[in-house]
Amino acid sequence: MSDVQVPHRRVIVIGAGQAGLSAAHFLARSGLVAGVDFEVFDANPTPGGAWSHRWDALTFGLVNGLHDLPGSSLGPADPHESAREVVKRYYGRYEDEQGLAVERPWRVRSVTPSAESSARFEVTVEHPDGRTRVFRAGAVISGTGTWDHPYVPWYPGAFGGRQLTTRDFTEPEDFVGKRVLVVGGGISAVQFLQLLDDAGVSTVWSTRTPPRWHDGPFDPMWGLDVENRVAARTRAGLRPLSVVAATGLRLTPELRGAVDRGLLVSRGPIEALTDDGVDFADGSHESVDVILWATGFRAALSHLAPLGIRDRAGGVLMADDDVSVVVAPGLFLVGYGRSASTLGATRAGRRAARAAIAATEDAMSATG
């Protein structure tokens with residue numbers, strides 16, 4: 001391909017969730033122009049990132065909070081409105097106000113090393129209609145999150161009923177008349193159990209370890225400790241901790257009441273799947289119609305596979321700034337590890353934007 005066919009961008013941002021939009025904001029604030037100096041690609045057909053896929057019953061009042069995007073404020077939001085619609089509207093407004101010119105729906109299929117001296121990477125993007133485009137870039141900021149990579153643990157045996165993951169959940173009313181096993185120890189599992197119970201659906205809860213209830217203060221010092229523990233793992237090349245492993249489940253008065261009446265009481269770990277249900281590790285059996293795997297997600301990094309960034313420890317070895325990938329200069333991960341929260345993603349976007357600008361300035365000087 002000629003240089004005319006393969007446009008060059010100083011930075012390419014992958015994903016328009018909290019982390020990607022934050023990075024794009026700080027790139028623009030530094031003087032870079034969207035669509036000229038940098039591009040933002042998002043695979044979703046609408047603004048909102050992973051939030052655009054959330055179920056209707058997840059109202060804004062049920063979420064753990066949404067940190068404001070940099071230079072903007074969400075403002076008052078109806079706690080009874082779908083969180084999906086609140087965030088889609090907010091992110092869309094932000095994209096317009098900031099002039100970020102997000103390209104969608106374009107999915108980044110691969111990021112490969114570039115043979116050109118003027119760029120580190122070649123980025124291939126694909127549209128749902130089959131069109132593909134290739135860009136060269138001096139730096140890549142990847143903020144693809146985890147939504148596209150749900151995790152389902154393996155168990156011996158096979159279940160003959162319906163199985164779905166968190167990303168497949170629609171409405172609790174879809175399960176009326178069914179007995180549903182919810183698997184997972186995180187906030188999503190707890191929310192599903194509450195929603196299903198409110199809809200009159202019979203449920204069973206399974207967790208690999210006892211639920212990690214936390215009734216202490218969720219204050220800044222506690223939050224910093226959580227972030228530091230997550231960062232210690234990614235700086236060692238280990239997989240990030242799950243959210244609940246890092247934070248525990250906040251035991252609110254409402255949840256305490258659900259525990260007391262038996263709704264939020266785990267039956268323990270699964271031993272095996274059977275055609276009509278599951279065998280538990282305590283030797284009991286439960287017949288169910290549906291298994292809802294609320295067992296978390298893994299970082300969606302398959303598009304970066306050609307760069308060989310996976311460490312032998314199973315994760316990605318991150319530098320002390322928590323955004324730079326040690327083995328791939330010019331590549332930055334946001335919304336990964338300690339920046340998985342909306343507050344952490346905003347901070348990571350700022351750090352990644354500054355680092356990407358510095359990295360491309362060095363490259364421009366070297367080729368200039």
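## Close-up views of a predicted model

**Figure 1. The antiparallel strands E3, E4 and E5.** In strand E4, the bridge partner of Ser 110 is Thr 124. This view, like the others in the set, shows a predicted model, and its subject is the pairing around E4. Strand E3 (107-113) and strand E4 (residues 121-126) pair in the antiparallel sense, and 6 bridges are found between E3 and E4. E4 is also joined to strand E5 (residues 132-142) by 6 bridges, and these two strands likewise run antiparallel. One of the places to look for along that second pairing is Glu 122, whose bridge partner in E5 is Arg 136. As a general point for reading such views, strands of a sheet pair through backbone hydrogen bonds, and they do so either parallel or antiparallel.

**Figure 2. The two faces of strand E4 and its hairpin with E5.** Which residues of E4 belong to the covered face, and which to the uncovered one? Phe 121, Val 123 and Val 125 make up the covered face, whereas Glu 122, Thr 124 and Glu 126 make up the uncovered face. Two residues of the uncovered face also have a place in the pairing, since Thr 124 is the bridge partner of Ser 110 and Glu 122 is that of Arg 136 in E5. E4 and E5 form a hairpin with 5 residues between the strands, and in this hairpin Gly 130 takes a positive phi near 100°.

**Figure 3. The loop between helix H2 and strand E3.** Two residues with backbone features of note can be followed here, Ala 101 and Pro 105, and each is found in the loop between H2 and E3. Ala 101 has a positive phi of about 50°, although this residue is not a glycine. With a relative accessibility of 45%, Ala 101 counts as partly exposed. Further along the loop, Arg 104 and Pro 105 are joined by a cis peptide bond, for which omega is about -5°.

**Figure 4. The packing of helix H1 with helix H2.** Helix H1 (residues 18-29) packs with helix H2 (residues 83-98) at an angle of about 15°, and the axes of the two helices are 11 Å apart. That angle makes H1 roughly parallel to H2, and H1 passes H2 in a left-handed crossing. On the side of H1 the contact is made by Gln 18, Leu 21 and His 25, and on the side of H2 by Tyr 91, Tyr 94, Glu 95 and Gln 98. Sorted by character, the residues of this contact divide into 3 nonpolar, 3 polar and 1 charged.

**Figure 5. The open sheet of parallel strands and helix H3.** In what order do the 4 strands of this open sheet stand? The order is E6-E14-E7-E8, and the pairing is parallel. Strand E6 (162-165) and strand E8 (202-206) stand at the edges with a single partner strand each, so one side of each has no neighbour in the sheet. On average, and with direction ignored, neighbouring strands of this sheet are turned by 20° against each other. Within the sheet, strand E7 (residues 179-183) pairs with E8 in the parallel sense over 5 bridges, and Val 180 stands opposite Thr 203 in E8. Helix H3 (residues 187-198) lies across E7, E8 and strand E14 (290-293), and H3 runs at about 165° to E8.

**Figure 6. The surroundings of Trp 213.** Trp 213 has its place in strand E9 (residues 213-214). Is Trp 213 buried, partly exposed or exposed? At 26% relative accessibility, Trp 213 counts as partly exposed. Leaving aside residues up to four places away in sequence, Trp 213 touches Val 190, Trp 205, Leu 249, Leu 251, Leu 255, Val 259 and Leu 264. Of these, Leu 249 lies 36 residues from Trp 213 along the chain, yet the C-alpha atoms of Trp 213 and Leu 249 are separated by 4.6 Å.

**Figure 7. Asp 322 in the loop between strands E14 and E15.** Asp 322 is found in the loop between E14 and strand E15 (331-333). Although Asp 322 is not a glycine, this residue has a positive phi of about 70°. Asp 322 is buried, with a relative accessible area of 5%. In the chain as a whole, 48% of the 368 residues count as buried.

Methods: Residues are numbered from 1 along each chain as its sequence is written. This is a predicted model: local features need pLDDT of at least 70, side-chain atom pairs count only at pLDDT 80 or more; totals for chains, interfaces and linings use all residues. Side-chain values use heavy atoms; hydrogens and water are left out. Axes are lines fitted to C-alpha atoms, for helices over the stretch in contact, and angles run from 0 to 180 degrees between N-to-C directions. Angles under 35 degrees count as roughly parallel, over 145 as roughly antiparallel, 65 to 115 as roughly perpendicular and the rest as oblique. A crossing is left-handed if the near helix is turned anticlockwise from the far one by less than a right angle, and right-handed if clockwise. Contact means heavy atoms within 4.5 Å. Ala, Val, Leu, Ile, Met, Phe, Trp, Tyr, Cys and Pro count as nonpolar, Asp, Glu, Lys and Arg as charged, and the others, Gly among them, as polar. Two strands pair if DSSP finds at least two bridges between them. Buried means under 20% relative accessible area, exposed over 50%, partly exposed in between (1.4 Å probe, protein chains only).
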